[in-house]
Amino acid sequence: MAEQEKPLLIKRYASRRLYNTETSDYVTLEDIAGFIRAGREVQIVDLKTGDDLTRQYLLQIIAEHESRGENVLPVNVLNDLVRSYMVPGGGMMPQFLQSSFDMLRESQSKLMENMNAMNPMAQMPGFEALKAQQEAFIRAMTGGLGSTWSGPGKEGEGDKGEQGEDLDDIKKQLAELQRKLSKLS
């Protein structure tokens, strides 16, 4: 358990390649995004200087996803973020964002607990597979913020590939819906 609480250390070499210290192999930004979606914290440091580069790389991951049409941040939110950089001391934006995401994670966790408690079918055989699909759907809808889910289905390691495919399909469908909605506006 203590192993999961410790951030995954990624070292950036002078060649700008990123090295996973746990698995002793090189990783990409997409790999790092996958670690984060799986609920793992990461820390990226420059091997030579020891500087923490985590924030820089996380922003780069977000920018790449946004540029591929995976728009999560509406333009007005991006404008507000830019404005917050113009306010001396950063204004209230960082605290507001942190509080908002904390509340979202807590609400999502309570929603899943309530769904499990209220469902009389929870004792039926095969229900764990259905829960795993619910989890994948909710993660897709919230952009992976559901990493705190602790219900059944998380323990089932064998379904991970199938869940990943389901999640990818859901993300594609959501992206397509976003494109259609933006054409209507």
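# Briefing: strands and an aromatic cluster

The protein chain holds seven helices and four strands. The model is predicted. From the N terminus, the order of elements is α-β-β-β-α-β-α-α-α-α-α. The notes below start with the whole chain, then turn to strand E1 and its partners, and end with the tyrosines.

**Whole chain**

- The protein chain has 185 residues, and 24% of them are buried.
- Its exposed surface comes to about 13,100 Å². Carbon and sulfur atoms supply 58% of that area.
- Take the contacts with a separation of 6 or more: 49% of them join residues 24 or more positions apart.

**Strand E1**

- E1 covers residues 8–12, and its side chains alternate.
- Leu8, Ile10 and Arg12 point to one face and are buried.
- Leu9 and Lys11 point to the other face and are not buried.

**Partners of E1**

- E1 pairs with strand E4, residues 42–46, in the parallel sense. Five bridges join E1 and E4.
- Within E4, Gln43 stands opposite Leu9.
- E1 also pairs with strand E2, residues 18–20, in the antiparallel sense. Three bridges join E1 and E2.
- Asn20 in E2 is the bridge partner of Ile10. Ile10 is one of the buried residues of E1.
- E1 and E2 form a hairpin with five residues between the strands. In this hairpin, Arg16 takes a positive phi near 75°.

**Aromatic pairs**

- Three aromatic pairs turn up in a search of the whole structure.
- In one of them, the ring centres of Tyr13 and Tyr19 lie 5.6 Å apart. The planes of Tyr13 and Tyr19 meet at 80°, over the 60 degrees cut-off, so the pair counts as edge-to-face.
- Tyr19 also pairs with Tyr26, again edge-to-face. The distance for Tyr19 and Tyr26 is 5.5 Å centre to centre, with 70° between the planes.
- Ring pairs thus link Tyr13, Tyr19 and Tyr26 into a cluster.

**Exposure and charge at the cluster**

- Tyr13 has a relative accessible area of 26%. This value falls between the 20% limit for buried and the 50% limit for exposed, so Tyr13 is partly exposed.
- Tyr26 is partly exposed as well, with a relative accessible area of 40%.
- Arg17 lies over the face of Tyr26. The distance from Arg17 to the ring centre is 3.7 Å.

Notes:
Residues numbered from 1 in each chain as written. Heavy atoms only, no water. Helix = DSSP H or I, 4+ residues; strand = E, 2+ residues; numbered from the N terminus. Buried < 20%, exposed > 50% of the residue type's maximum accessible area, 1.4 Å probe, protein only. Contact = heavy atoms within 4.5 Å. Areas by Shrake-Rupley, 256 points an atom, 1.4 Å probe, with all protein chains shown as cover. Pairing = 2+ DSSP bridges. Phe/Tyr/Trp six-rings, centres within 6.5 Å; stacked < 30°, edge-to-face > 60°. Lys NZ or Arg CZ within 6 Å of the ring centre and 35° of its normal.
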